[in-house]
Amino acid sequence: MLKTPSQKQIKLYMKFVFLICLIPFIRLFWLGFNGDLEAQANPIEFVEHSTGYWTLFVLLATLTLTPIRLITKMAWVVQFRRMLGLFMFFYSCLHLTTYLFLDYNFLWEDIIKDIIKHPYIIVGVIAFILTIPLAFTSTNKMIKRLGKKWKLLHKSIYLIAILGVLHFWWLVKKDITEPLIFAIILLVLFGVRFFHHQKQKRLAK
Amino acid sequence: MIILPKSDIIPSEITSKSVFDNRRQFIKQAGFGLAAAAVAGNAFGATVKSGVTEGDARLIGRANAPATPKNIRKPRTKINGYKKTAYGKGLKLTEHKHVTTYNNYYEFGTSKDEPADYASQFKTDPWSVSIEGEVKQNKIITLEDIYKKFPLEERIYRMRCVEGWSMVIPWVGLTLADFIKWAEPTGNAKYVEFISYADRQQMPGVNLPVLDWPYTEALRIDEAMNSLTLLAVGLYGEVLPNQNGAPIRLVVPWKYGFKGGKSIVKIRFTEKMPRTSWMKAGPNEYGFYANVNPEVDHPRWTQSSEKVIGSGLFSKRIRTKMFNGYTDQVGQMYAGLDLAKHF
């Protein structure tokens with residue numbers, strides 16, 4: 001277990017984590033600029049999958065902080081939750097933009113048909129819509145203003161995570177290895193929370 | 001902990017591909033073990049057991065060389081003496097590098113870049129194809145004899161994948177109709193089944209229960225006899241690269257790409273409609289016909305438009321055409337057939 005860092009150290013760590021979270025984004029730009037994307041057989045799919053993958057990855061990372069706190073008692077790690085959550089929103093915006101612009105060229109008729117007819121897209125869109133209020137209530141001001149309701153609202157991240165993994169699962173044609181890995185990680189994270197709550201209940205008795 | 005996604009990797013970014021690939025296979029096997037255990041107890045064992053038949057391996061009589069993933073590709077060999085044709089004149093060809101590095105060939109891995117690497121050591125010589133079922137007489141023909149016996153021609157065909165992308169490929173091959181006439185099916189032959197090679201040693205994907213191996217595809221006899229249907233042995237005037245289904249594969253341009261079985265070792269004529277690998281894998285998603293049809297969506301994604309491979313990051317989708325644009329040549333075979341029901 002790490003010693004609780006000072007607020008100054010935490011600020012420094014945050015800058016570091018911020019830069020790390022930017023790497024997938026910078027990498028895409030880099031691949032775009034040096035022509036690697038253009039030279040690919042299916043660059044649109046590549047960008048779509050890449051941004052989608054990192055959305056899920058950062059989402060799971062966000063959900064890892066509470067279990068870390070519960071297991072290691074390092075309460076300060078939870079301070080990174082907002083930044084990671086916002087990065088997840090950032091990557092989901094890029095993912096959606098890729099779909100709307102690069103993949104479907106803003107052909108709204110086709111897009112709406114695609115969304116209505118295909119469960120994996122519906123699930124993805126719902127997950128995205130649910131993320132918007134979370135992003136917009138992430139400021140200190142909103143946390144104060146909403147009080148208890150804030151906590152309840154932000155519980156929807158669990159639903160978003162399930163929908164996100166489902167979105168990936170249904171998209172895959174046959175080889176479900178990767179979505180399965182995400183699903184297992186998600187289950188473990190839920191499991192840690194569940195057992196902790198059970199323990200709390202028992203202790204309270 | 002970082003698990004890199006296969007969909008997020010550009011081959012040039014990877015320093016040690018062999019190490020990385022082996023990890024992917026390992027993760028996949030672990031993943032499938034778990035999935036199978038969770039779904040149906042012994043599904044994992046059961047599916048794999050139905051894989052390679054001893055007969056296939058003996059028929060071809062090839063040594064079981066271990067599959068070593070390396071970036072060494074088979075040398076490119078020109079095919080001599082094929083006839084150019086007017087098929088596909090004016091279509092813009094998909095670049096050779098895309099045709100040979102963006103492949104669906106699950107026996108060599110389920111991501112698009114895996115076949116080009118894993119198939120590089122695949123042995124296609126000696127090779128023979130056995131003819132069975134409703135035929136006057138079972139026979140075996142070697143690849144050399146196929147080259148000798150049948151006139152080869154180049155045909156430029158559109159290829160539409162069920163996943164929503166397309167290519168234009170200059171195939172070299174023989175018409176399946178010529179081959180079938182030589183095979184002499186009996187009057188009972190209503191369908192033709194194409195069985196691909198499956199070898200756990202050489203094909204890492206065959207160890208995974210992704211599909212029911214060996215890969216099996218089939219056509220109605222009139223579809224097989226249609227003048228568009230090819231047995232391809234080459235592309236871009238050269239011997240088929242391994243990742244494209246060497247040494248001999250099926251090409252059916254008005255159907256989704258998965259109908260084109262690769263590395264064919266057996267052609268069987270049947271009276272009843274065979275159940276193909278993809279029909280078994282997803283009966284409500286993959287039908288026997290699998291004709292390209294913009295009106296009938298895949299249950300999970302649209303088929304009304306497609307992405308053109310190699311057209312870049314800011315290219316537009318194009319509209320998918322009925323029968324992939326080959327209605328004039330094949331439309332009459334499906335007159336009166338409900339194509340939404342028989343997808």
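**Checking the labels**

Me: Which are the buried residues of α9(A), and what makes a residue buried?
Reply: They're A:T177, A:E178, A:P179, A:L180, A:F182 and A:I185. To be called buried, a residue needs 20 or more other C-beta atoms within 10 Å of its own. Bear in mind that this is a predicted model.

Me: How do you know that α9(A) reaches close to the expected span?
Reply: Helix α9 covers residues 177–204 of chain A, 28 residues in total. The expected span is 1.5 Å times one less than the number of residues, which here gives 40 Å. From first C-alpha to last, α9(A) reaches 41 Å, so by that rule it's close.

Me: Why is A:T98 called buried?
Reply: The cut-off is 20 or more other C-beta atoms within 10 Å. A:T98 has 22, so it counts as buried. As for its place, A:T98 sits in helix α3 of chain A.

Me: Which residues is A:T98 in contact with, leaving aside neighbours within four places in sequence?
Reply: Those are A:V47, A:E48, A:T51 and A:D103. A contact calls for C-beta atoms within 7 Å. On a separate note, the C-alpha atoms of A:T98 and A:C21 are separated by 19 Å, with the two residues 77 apart along the chain.

Me: Why are α3(A) and α5(A) called oblique?
Reply: Helix α3 (residues 81–103) and helix α5 (residues 119–136) of chain A pack at about 140 degrees, their axes 10 Å apart. Roughly antiparallel needs an angle over 145, and roughly perpendicular runs from 65 to 115. The pair fits neither of those, nor the under-35 parallel class, and is therefore oblique. The crossing is left-handed.

Me: Which residues meet where α3(A) packs on α5(A)?
Reply: From α3(A) come A:G85, A:L86, A:F89, A:S92 and A:L96, and these meet A:F128, A:T131, A:L134 and A:A135 of α5(A). By class that's six nonpolar, three polar and no charged residues.

Me: What makes up the side of chain B that touches chain A?
Reply: 34 residues of chain B are in contact with 30 of chain A. Two elements of chain B, α1 (17–40) and β12 (305–308), give two or more residues to that side. The largest share, six residues, comes from α1(B). By class, this side of chain B has 16 nonpolar, 10 polar and eight charged residues.

Me: How many helices and strands does chain B have, and what share of its residues count as buried?
Reply: Chain B has 10 helices and 13 strands, and 43% of its 343 residues count as buried.

Technical notes:
Residues numbered from 1 in each chain as written. Chains lettered and ligands numbered in written order. Predicted model: local features only at pLDDT ≥ 70, side-chain atom pairs only at ≥ 80, totals over all residues. Axes fitted to C-alpha atoms, helices over the stretch in contact; angles between N-to-C directions. Helix = DSSP H or I, 4+ residues; strand = E, 2+ residues; numbered from the N terminus. Left-handed = near helix turned anticlockwise from the far one by under 90°. Contact = placed C-beta atoms within 7 Å. Nonpolar A, V, L, I, M, F, W, Y, C, P; charged D, E, K, R; others polar. Buried ≥ 20, exposed ≤ 12 C-beta atoms within 10 Å, placed from the backbone.
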